[in-house]
Every structure is written in structure tokens, then in C-alpha cells.
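Work through the exercises below with the sequence and the coordinates open. Try each task before you read its solution.

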Amino acid sequence: MNDILDHKPITRQKVNDLEAVMKKLPQVELKVINHFARGVYARELHIPAGITLTGRIHKYDNLNILSQGEMLVTTEAGLVHVKAPFTVVSPAGTKRIATTLTDCIWTSIHGTDETNIDKIEQHFTAGDEQEYLAHCETLTLEGK
């Protein structure tokens, strides 16, 4: 079941506005399991049913897999109702928002030999628009 519920793209500003409201609410600690293989890092996130969450801005394309559960998630096609198994490639600049309908497991996969989680997060994601724009400017200056 992968039904597109709304074809309208959800703007980054709308996601940021919702995230600002959500940060004022009680926060939930989510279980994270980090997996490492040669040249690959996978961040497995366990999300209970009924949780709405946002992610960080991804600096590079990355692979995401919903291996368990059902959720509403923003994609490039709009708001999508997805059920495991579901795989999506997130383009650089993606910041998703999701609401879990059942207990879910969402895994983000990145190509790296790094094993320091803080360094991985810093390299692959941006915490806000300014950080992401600075990253894009650096890539432009480097001709990438």
C-alpha cells in the first residue's frame, strides 16, 4: 500500500514551521541501532505508533527503507501512505516529516567508512537551512 494522498509538495518552510511547534511539546527518545559494514553505515530508527517526527536535512542522496510498519511520509511526490516494505531514494536537500500509524523501523543508509556517529551526522546532514546552504555553496565553489 503506497497511496499518494496529496500531490501538493510540502514546502521546507511548512516542515520547519511544524518542527518549531513540535519542539515545544514533550519529546520522545527513539531507539537507534547503528550498523556498519565495509563502506556502509545504516541508521536504524525504531519509531512507536502515533509519533510525528521530522528529520535533518540530507546533504547528499541517500537510501531509506521502511522495513516494518505503516506511516504517512512526505516524499517528492507529496504526502504518501506507505507500508513496509518501502524503499525511497532521498535526493540531496530532503527533509522529511512522518507520522507513524503502527510501530515502524526506518533505516537510512549512507556510503562511508567513518564509524564516529557525530562525524557521520555532521558530514551527511545539516541541522538547519543556513548550514545546508553553506554546504551547497562549498560544493559549488569546489565545482561538484
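**Exercise 1. The covered strands**

How many of the 8 residues of strand β3 (residues 40-47) are buried? The model is predicted.

Step 1. Apply the cut-off: buried means under 20% relative accessible area.
Step 2. Count along β3: 6 of its 8 residues are buried, and the strand is mostly covered.
Step 3. Repeat for β11 (residues 104-111). In β11, 6 of the 8 residues are buried, so the rest of the structure largely encloses this strand.

**Exercise 2. Tracing the sheet**

Task: find the strands that pair with β3 and with β11, then register them.

Step 1. Start with β2 (residues 31-37), which is joined to β3 by 7 bridges. These two strands run antiparallel.
Step 2. Inspect the turn. The β2 and β3 hairpin has 2 residues between the strands. Here G39 takes a positive phi near 75 degrees.
Step 3. Move to β11. It pairs with β3 in the antiparallel sense, over 8 bridges.
Step 4. Add β6 (62-68). β6 and β11 are also antiparallel, with 5 bridges.
Step 5. Fix the register. N34 is opposite R43 in β3. R43 in turn stands opposite S108 in β11. S108 is also the bridge partner of N64. L45 has W106 as its bridge partner in β11.

**Exercise 3. One side of a helix**

Task: decide how the buried residues of α1 (residues 12-22) are arranged, and what they pack against.

Step 1. List the buried residues of α1: V15, N16, E19 and M22.
Step 2. Check the directions. The four cover an arc of only 120 degrees around the axis, so they are on the same side of α1.
Step 3. Recall the helical repeat. An α-helix has 3.6 residues a turn, so residues three or four places apart point the same way.
Step 4. Identify the packing partners. The buried residues of α1 pack against β4 (52-54), β10 (97-100) and α3 (129-141).

**Exercise 4. Two loop residues**

Is K59 buried or exposed? Then locate the cis peptide bond.

Step 1. Place K59: it lies in the loop between β5 (57-58) and β6 (62-68).
Step 2. Compare its relative accessible area, 11%, with the 20% cut-off. K59 is buried.
Step 3. Look up its contacts, leaving out residues up to four places away in sequence. Among them are A92, F124, E131, Y132 and H135.
Step 4. Scan omega. The peptide bond from A84 to P85 is cis, with omega near 0 degrees.
Step 5. Place P85: it sits in the loop between β8 (78-83) and β9 (86-90).

**Exercise 5. Two pockets**

Task: describe the largest pocket and the second largest pocket by volume and lining.

Step 1. Take the largest pocket. Its volume is about 1,200 Å³.
Step 2. Find its centre. Of the 40 lining residues, R43, L45, L53, T54 and G55 lie nearest the centre.
Step 3. Trace the suppliers. Elements that each give at least two lining residues include α1, β3, β4, β11 and α2 (117-124).
Step 4. Sort the lining: 19 nonpolar, 13 polar and 8 charged residues.
Step 5. Turn to the second largest pocket, with a volume of about 200 Å³. It is lined by 12 residues, and I10, T74, T75, E76 and K95 are the closest to its centre.
Step 6. Finish its lining. α1 and β7 each supply at least two residues. The division is 3 nonpolar, 5 polar and 4 charged.

How values were computed
Residues are numbered from 1 along each chain as its sequence is written. This is a predicted model: local features need pLDDT of at least 70, side-chain atom pairs count only at pLDDT 80 or more; totals for chains, interfaces and linings use all residues. Side-chain values use heavy atoms; hydrogens and water are left out. Buried means under 20% relative accessible area, exposed over 50%, partly exposed in between (1.4 Å probe, protein chains only). Contact means heavy atoms within 4.5 Å. The arc is that of the directions from the helix axis to the C-beta atoms. Two strands pair if DSSP finds at least two bridges between them. On a 1 Å grid over the protein atoms alone, a cavity is a set of points where a 1.4 Å probe fits but cannot get out, and a pocket is an open set with protein on both sides within 12 Å along at least five of seven lines; lining residues have an atom within 4 Å of a point. Grid points are joined across faces, edges and corners, and a volume is the space filled by probe spheres set on the points. Ala, Val, Leu, Ile, Met, Phe, Trp, Tyr, Cys and Pro count as nonpolar, Asp, Glu, Lys and Arg as charged, and the others, Gly among them, as polar.
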